[in-house]
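Visitor: Before we start, I would like each label in this model to be justified by its value and its cut-off.
Guide: Then let us take the labels one at a time.

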Amino acid sequence: MLTVNAYAAPSSDTPLEPVTITRRDVGPKDVLIEIRYAGICHSDIHTVREEWGPVKHPLVVGHEIVGLVAEVGSEVTKHAVGNRVGVGCLVNSCKECENCLAGEEQYCLNGNVGTYGSVDRDGTITQGGYSTHVVVDEDFVLRVPESLDFAAAAPLLCAGITTYSPLRHWGAGPGKRVAVVGMGGLGHMAVKLAHAMGAEVTVLSRSLSKKDDGLRLGADHYFATEDATTFEELKNSFDLIVNTVSAPIDLAAYLGLLRRNGTMVNVGAPAEPLPVTVFTLFRNRRSFAGSSIGGIRETQEMLDFCAEHNIVPDTELIDASYINEAWKRVLSSDVRYRFVIDAATFA
Ligand code: NAP
Ligand code: ZN
């Protein structure tokens with residue numbers, strides 16, 4: 001076992017603090033990664049605060065991880081020492097159910113192993129990326145293209161794939177009108193990716209305070225949802241709405257913006273239920289859907305797409321000692337647009 005430095009949440013309502021944790025020995029199919037950078041996702045905060053259900057504390061979160069391969073097991077074929085690699089929200093799955101066989105391990109029918117807070121195959125609880133090292137099954141380790149800025153690439157492992165997957169699934173591309181609700185970590189990636197796919201992109205943010213950024217990132221239009229006329233003006237407009245908001249929203253108002261056969265997909269994950277009136281769906285034969293991260297194959301495809309199109313998140317690099325302050329800023333939507341922790345500062 002390897003003892004490594006990390007930052008853990010001692011409970012649901014106390015600040016994160018430096019700790020040491022152990023990582024398992026490198027098994028035949030495992031890769032030991034020396035973490036270089038770890039992104040801060042709003043899901044880290046929902047999880048620690050037990051907004052989605054009980055959690056075993058102390059917990060190390062973080063599922064936007066990039067680093068260098070430090071050691072490989074005897075049967076590893078996909079990765080070599082020194083390679084730039086990444087790990088997202090998944091570190092294992094059954095590999096044999098129909099969803100795993102389809103490359104959609106995020107929907108593993110036997111329960112996948114999440115990067116943190118999941119029961120691992122040895123019965124321990126997984127601990128995430130706010131740490132200096134992690135040991136992961138080689139099948140769940142991604143290649144990070146050399147051309148991507150390494151620190152900025154970290155959030156691609158969650159914010160990138162979580163927006164890429166629904167944009168691809170629902171055919172974002174030329175001739176499609178895509179709206180992105182909420183311009184935070186996920187939202188700003190949805191704007192960049194949908195634009196690169198060739199869609200006409202509209203941002204629906206609460207105010208116009210980030211309008212210049214939105215247009216710079218690739219949006220064609222930008223509207224404030226605190227202005228009620230927005231919902232009149234944009235009625236029956238969009239083929240696809242990607243909702244990234246971390247809190248409940250007035251679903252009916254947004255569904256009304258879908259044109260015929262349009263879909264609104266929720267990736268934002270508020271704890272509270274979102275009530276839906278079926279008559280809003282009848283009109284224009286609208287769909288309301290959800291989407292969870294993306295499979296390993298698609299995550300690699302997304303990384304390669306970002307390299308090809310020169311896309312990385314807009315990030316603010318921080319030291320570990322700033323994590324608690326960064327979390328406060330995420331909660332007050334004061335993030336432009338993703339915090340990334342320099343893992344050297346966990347030491
Ligand atoms: P984030 O950076 O905090 O962004 C959320 C955005 O939502 C904010 O920037 C803000 O945008 C808007 N917002 C926040 N509070 C709001 C409120 N009370 N009312 C209306 N709008 C509000 O969070 P994130 O890291 O992008 O994550 C977003 C959500 O996606 C979280 O719930 C997270 O858990 C979830 N998530 C889901 C998956 C998945 O697999 N489905 C994966 C990762 C994350 P404006 O300021 O522009 O209005
Ligand atoms: Zn995440």
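**Reasons behind the labels**

Guide: A polar contact of 2.9 Å joins the side chains of Glu64 and Arg338, in what is a predicted model.

Visitor: Why is the pairing of Glu64 and Arg338 called a polar contact?
Guide: A polar contact is a pair of N or O atoms within 3.5 Å, one able to donate a hydrogen and the other to accept it. The side chains of Glu64 and Arg338 are joined at 2.9 Å, so the distance falls within the 3.5 Å cut-off. Glu64 also has a polar side-chain atom 3.1 Å from the backbone nitrogen of Ala159.

Visitor: Where is Glu64 found, and how do you know whether Glu64 is buried or exposed?
Guide: Glu64 sits in the loop between H1 and strand E4 (65-72). Its relative accessible area is 0%, and buried means under 20%, so Glu64 is called buried.

Visitor: What makes Cys41, His63 and Cys158 donor residues of the zinc ion (ligand 2)?
Guide: Donors are N, O and S atoms within 2.8 Å of the metal. The zinc ion (ligand 2) is coordinated by Cys41 through SG, by His63 through NE2 and by Cys158 through SG, at 2.0 to 2.2 Å, so these atoms meet the 2.8 Å cut-off. Water is not among the atoms, so a site may look incomplete. Along the sequence, the spacing of the donor residues is C-x21-H-x94-C. The pair Cys41 and Cys158 links distant parts of the chain, 117 residues apart, with Cys41 in the loop between strand E3 (30-39) and helix H1 (42-48) and Cys158 in the loop between helix H3 (150-153) and helix H4 (159-169).

Visitor: Why does Cys41 count as buried, and why does Cys158?
Guide: Cys41 has 3% relative accessibility and therefore counts as buried. Cys158, at 5% relative accessibility, counts as buried for the corresponding reason, because the label applies under 20%.

Visitor: What surrounds ligand 1?
Guide: The shell around ligand 1 holds 28 residues, the closest being His42, Met183, Leu186, Ser205 and Arg338. By class, eleven are nonpolar, 14 polar and three charged. H1 gives the largest share, three residues, and domain 1 (2-158 + 294-346) and domain 2 (160-290) each supply at least three residues.

Visitor: Which polar atoms lie by the oxygen atoms of ligand 1?
Guide: A polar side-chain atom of Ser205 lies 2.5 Å from an oxygen atom of ligand 1, and one of Arg206 lies 2.9 Å from an oxygen atom of the ligand. From Ile293 the partner is a polar backbone atom, 2.8 Å from an oxygen atom of ligand 1. Taken alone, ligand 1 exposes 930 Å², and the protein buries 87% of that.

Visitor: What makes Asp30 a buried residue, and which side chain does Asp30 contact?
Guide: Asp30, in strand E3, has a relative accessible area of 2% and is therefore buried. Its side chain joins that of Arg24 in a polar contact of 2.9 Å.

Visitor: And how do you know whether Ala153 is buried or exposed?
Guide: Ala153, in helix H3, has a relative accessible area of 0%, so Ala153 is buried. From Ala153 to Thr230 the separation is 77 residues in sequence and 34 Å in space, C-alpha to C-alpha.

Note on methods. Residues are numbered from 1 along each chain as its sequence is written. Chains are lettered from A and ligands numbered from 1 in the order in which they are written. This is a predicted model: local features need pLDDT of at least 70, side-chain atom pairs count only at pLDDT 80 or more; totals for chains, interfaces and linings use all residues. Side-chain values use heavy atoms; hydrogens and water are left out. Donors are N, O and S atoms within 2.8 Å of the metal (3.2 Å for Na, K and Ca); water is not among the atoms, so sites may look incomplete. Helices (H or I, at least four residues) and strands (E, at least two) are DSSP runs, numbered from the N terminus. Buried means under 20% relative accessible area, exposed over 50%, partly exposed in between (1.4 Å probe, protein chains only). A residue is near a molecule or strand if one of its heavy atoms lies within 4 Å of it. Accessible areas come from the Shrake-Rupley method with a 1.4 Å probe; for residues, only the protein chains shown count as cover. Ala, Val, Leu, Ile, Met, Phe, Trp, Tyr, Cys and Pro count as nonpolar, Asp, Glu, Lys and Arg as charged, and the others, Gly among them, as polar. Domain bounds come from an automatic or database domain assignment.
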